[in-house]
Amino acid sequence: MIDLKNYPLLSRIDSPDDLRRLSEAELTQLAEEVRHFLLESVSRSGGHLAAGLGTVELTIALHYVYNTPHDRLVWDVGHQAYPHKILTGRRDRLPTIRKRGGLTPFPKRSESPYDAFGVGHSSTSISAALGMAIAASLEGRDQRAVAIIGDGGLTGGMAFEALNHAGALDANLLVILNDNEMSISPNVGAMTNYLAKILSSKLYTTVRQGSKQILSRVPEVWELARRAEEHVKGMVAPGTLFEELGFNYIGPVDGHDLDTLITTLRNIRELKGPQFLHVITKKGKGYLPAERDPVTYHGVSPFDPSKDRMTKAPSKGLSYTQVFSHWLCDAAEREPKLVGITPAMREGSGLVEFSERFPERYFDVGIAEQHAVTVAAGMACEGLKPVVAIYSTFLQRGYDQLIHDVALQNLPVVFAIDRAGLVGPDGPTHAGAYDLSFLRCIPNMIVMAPADENECYQMLNTAIASGRPAAVRYPRGTGPGVRLQRDATTLPLGKGEIRRRGKRVAILAFGAMVAPALEAAEGLDATVANMRFVKPLDEDLVAELARSHDYLVTVEENAVMGGAGSAVNECLVAHGLPLPVLNLGLPDRYVEHGSREELLSEVELDADGIRRNIAHFLQQHDKLKIIA
């Protein structure tokens with residue numbers, strides 16, 4: 001437990017109502033307490049750190065000025081929302097964050113009335129907040145909606161779609177750009193804070209609107225004034241783009257200056273229509289190691305904050321992400337036309353070494369998954385060999401492009417799909433639960449799932465050699481420990497293999513489920529097949545096993561509905577092979593956060609769960625045979 005005696009102000013804050021009872025003079029101390037509490041808590045429990053350290057003052061100012069939860073705050077993604085959780089009644093539960101049964105890692109509507117919108121994927125906040133602002137306007141409610149989006153989130157196309165729509169409406173929407181990549185240089189810091197107060201004031205707004213009404217009656221003078229205003233504002237603030245989209249741009253503002261933030265937000269809250277506030281913050285603010293290396297301290301395991309740098313946990317083996325990293329560099333050495341593409345996930349997807357060794361062939365497109373897929377299609381049209389490294393959950397965002405721009409044209413784009421299946425602490429927003437279902441229904445696609453590290457490497461070779469749209473999906477973390485052979489070996493297309501021989505029941509396992517299936521088969525009269533390919537499915541192997549066994553069991557770390565098991569069922573029907581089949585996979589519900597091991601046990605996809613389900617299935621069908 002964290003001793004709240006060390007936090008005299010924060011210990012009194014159980015809701016934003018308590019926060020609003022503080023004097024403005026006390027808020028600076030509160031900010032320091034929140035920052036230290038966040039560091040103490042996350043260093044013990046793990047979680048997202050650097051982004052939250054940078055939004056402490058902004059969070060305090062928002063809850064101080066706005067009447068939350070009546071006024072709506074929508075946090076983009078949610079990495080930056082830990083201070084928000086601390087100040088909205090969840091302070092004492094923060095050490096449970098990302099743990100099974102504990103706080104969710106992102107805002108979630110069912111967790112708190114202060115979480116106006118559930119988030120997980122980037123660039124959604126402006127759309128959601130605009131919808132809330134429109135609803136308030138239609139129902140005549142005096143209510144404000146605020147979207148807080150990072151500069152990374154603003155690279156997503158959906159954010160610009162929302163800005164384009166909002167600028168054409170009169171809804172009372174405030175978009176706050178939390179810009180934590182820029183620094184505030186001394187020659188602009190004080191001046192821009194002063195300008196923000198002026199640009200957000202009623203006097204400026206009244207004069208500005210009144211002048212526009214008068215000057216608009218004289219077209220030539222109005223055009224000159226409009227251009228002059230754009231030119232002057234463009235010199236002191238980078239807001240011309242947002243002004244052109246229909247927003248009143250204010251900023252940039254020092255996001256760690258509470259006085260400026262509170263004054264500016266108070267002024268903005270009284271303004272009508274779409275407003276845009278540009279706030280400059282420092283990721284990792286107040287904790288020097290995180291300020292120096294915000295990438296490392298973005299998401300952390302428990303660590304000692306007194307040490308100057310984080311100690312890495314000893315490696316438990318080669319992760320699938322590292323396998324991909326090795327393969328990508330090896331393949332680039334062999335193939336000069338190979339290019340690597342990531343939607344802002346260089347570190348998470350294993351492209352650091354590739355980006356350093358082959359910088360001219362490395363493309364980070366920002367948080368723009370749709371663009372990542374289609375730019376790869378364009379490259380493939382011109383003879384390049386694009387590899388898109390992407391998390392399973394994020395590929396969902398580029399599904400239309402995957403179908404229309406890649407598969408329909410049968411373009412040779414390789415999709416290296418990381419974080420397939422259950423990812424653990426990040427919860428259902430980041431689980432890769434559906435890729436086998438949504439990929440296998442697309443014509444021209446090759447879909448593979450490796451059972452171990454070396455097979456993953458071989459499948460990536462197979463994908464790039466196929467000359468077709470191909471996906472290799474692999475889980476988070478390490479494999480069973482099979483040694484990597486870094487050569488150009490490929491696999492026979494659409495062919496699985498038998499890993500264990502039995503007579504009574506055949507277990508058809510896909511990808512990461514091969515290892516627990518082999519363990520579960522001990523004590524059962526079971527054959528275990530490593531199916532390897534979800535598409536094209538090894539129909540000959542399925543038919544052979546169906547003819548030589550009494551029962552079939554399919555096991556996959558994907559939704560049962562429409563997944564690999566469904567492909568096996570369809571194959572059996574097509575071949576006229578009726579026999580009892582048990583399909584094991586992810587259930588038809590969202591699996592909440594916890595460790596990956598805990599979640600696999602919960603859904604009975606560990607060895608014990610698989611064995612237990614098969615034993616029950618056999619028992620039930622044996623009874624039916626006796627009755628018959």
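These notebook entries record what I looked up in a predicted model of one protein.

**Entry 1. Overall content**

I began with the secondary structure and noted 26 helices and 19 strands. I then checked burial, and 55% of the 628 residues count as buried. For contacts with a separation of 6 or more, I found that 75% come from residues 24 or more positions apart.

**Entry 2. The sheet of 5 strands**

I traced an open sheet with the strand order 2-3-4-6-5 and parallel pairing. Its edges are strand 2 and strand 5 (248–254), each of which pairs on one side only. From one strand to the next the twist averages 20°. At the strand 5 edge, I recorded 5 bridges to strand 6 (residues 275–280), the two strands running parallel. Within this pair, N248 has Q275 of strand 6 as its bridge partner. I also looked for a helix on this sheet and found helix 6 (residues 125–138), which touches strand 2, strand 3 (145–150) and strand 4 (173–179). The direction of helix 6 makes about 175° with that of strand 3.

**Entry 3. D71**

I located D71 in the loop between helix 4 (56–65) and strand 2 (72–75). Is D71 buried or exposed? Its relative accessibility is 1%, and under 20% is the criterion, so D71 counts as buried. A polar atom of the D71 side chain lies 2.9 Å from the backbone nitrogen of R144. Setting aside neighbours within four places in sequence, I listed Y66, Q143, R144 and R269 as the contacts of D71.

**Entry 4. The sheet of 7 strands**

I next followed an open sheet with the order 9-8-10-11-13-12-17, in which the pairing is mixed. Strand 9 (362–364) and strand 17 (533–535) each have a single partner strand and stand at the edges, so each has one side without a neighbour in the sheet. Ignoring direction, neighbouring strands here are turned by 20° against each other on average. Helix 21 (residues 453–466) packs on this sheet and touches strands 8, 10, 11, 12 and 13. I noted an angle of about 170° between the direction of helix 21 and that of strand 13. At the strand 9 edge, strand 8 (residues 338–342) pairs with strand 9 in the parallel sense over 3 bridges. There, G340 stands opposite Y362.

**Entry 5. Helices 17 and 19**

Two packed helices are described by the angle between their axes and the distance between the axes. For helix 17 (residues 369–381) and helix 19 (residues 399–407), the axes come within 9 Å and cross at roughly 5°. I therefore entered the two helices as roughly parallel to each other. Q370, V373, T374 and A377 of helix 17 meet Q401, L402, D405 and V406 of helix 19. I sorted the residues of this contact into 4 nonpolar, 3 polar and 1 charged.

**Entry 6. Strand 16**

How many of the residues of strand 16 (residues 526–530) are buried? I counted 5 of its 5 residues. In a regular strand the side chains alternate between the two faces of the sheet. I therefore looked at each face of strand 16 and found A526, V528 and N530 buried on one side, with T527 and A529 buried on the other. Strand 14 (residues 497–500) runs antiparallel to strand 16 and is joined to it by 3 bridges, with E497 opposite N530. Strand 15 (residues 505–509) pairs with strand 16 in the parallel sense over 5 bridges, and A506 stands opposite T527.

Notes: Residues numbered from 1 in each chain as written. Predicted model: local features only at pLDDT ≥ 70, side-chain atom pairs only at ≥ 80, totals over all residues. Heavy atoms only, no water. Pairing = 2+ DSSP bridges. Helix = DSSP H or I, 4+ residues; strand = E, 2+ residues; numbered from the N terminus. Axes fitted to C-alpha atoms, helices over the stretch in contact; angles between N-to-C directions. Contact = heavy atoms within 4.5 Å. Parallel < 35°, antiparallel > 145°, perpendicular 65-115°, else oblique. Nonpolar A, V, L, I, M, F, W, Y, C, P; charged D, E, K, R; others polar. Buried < 20%, exposed > 50% of the residue type's maximum accessible area, 1.4 Å probe, protein only. Polar contact = N/O pair within 3.5 Å; in protein donor to acceptor, adjacent residues only side chain to side chain.
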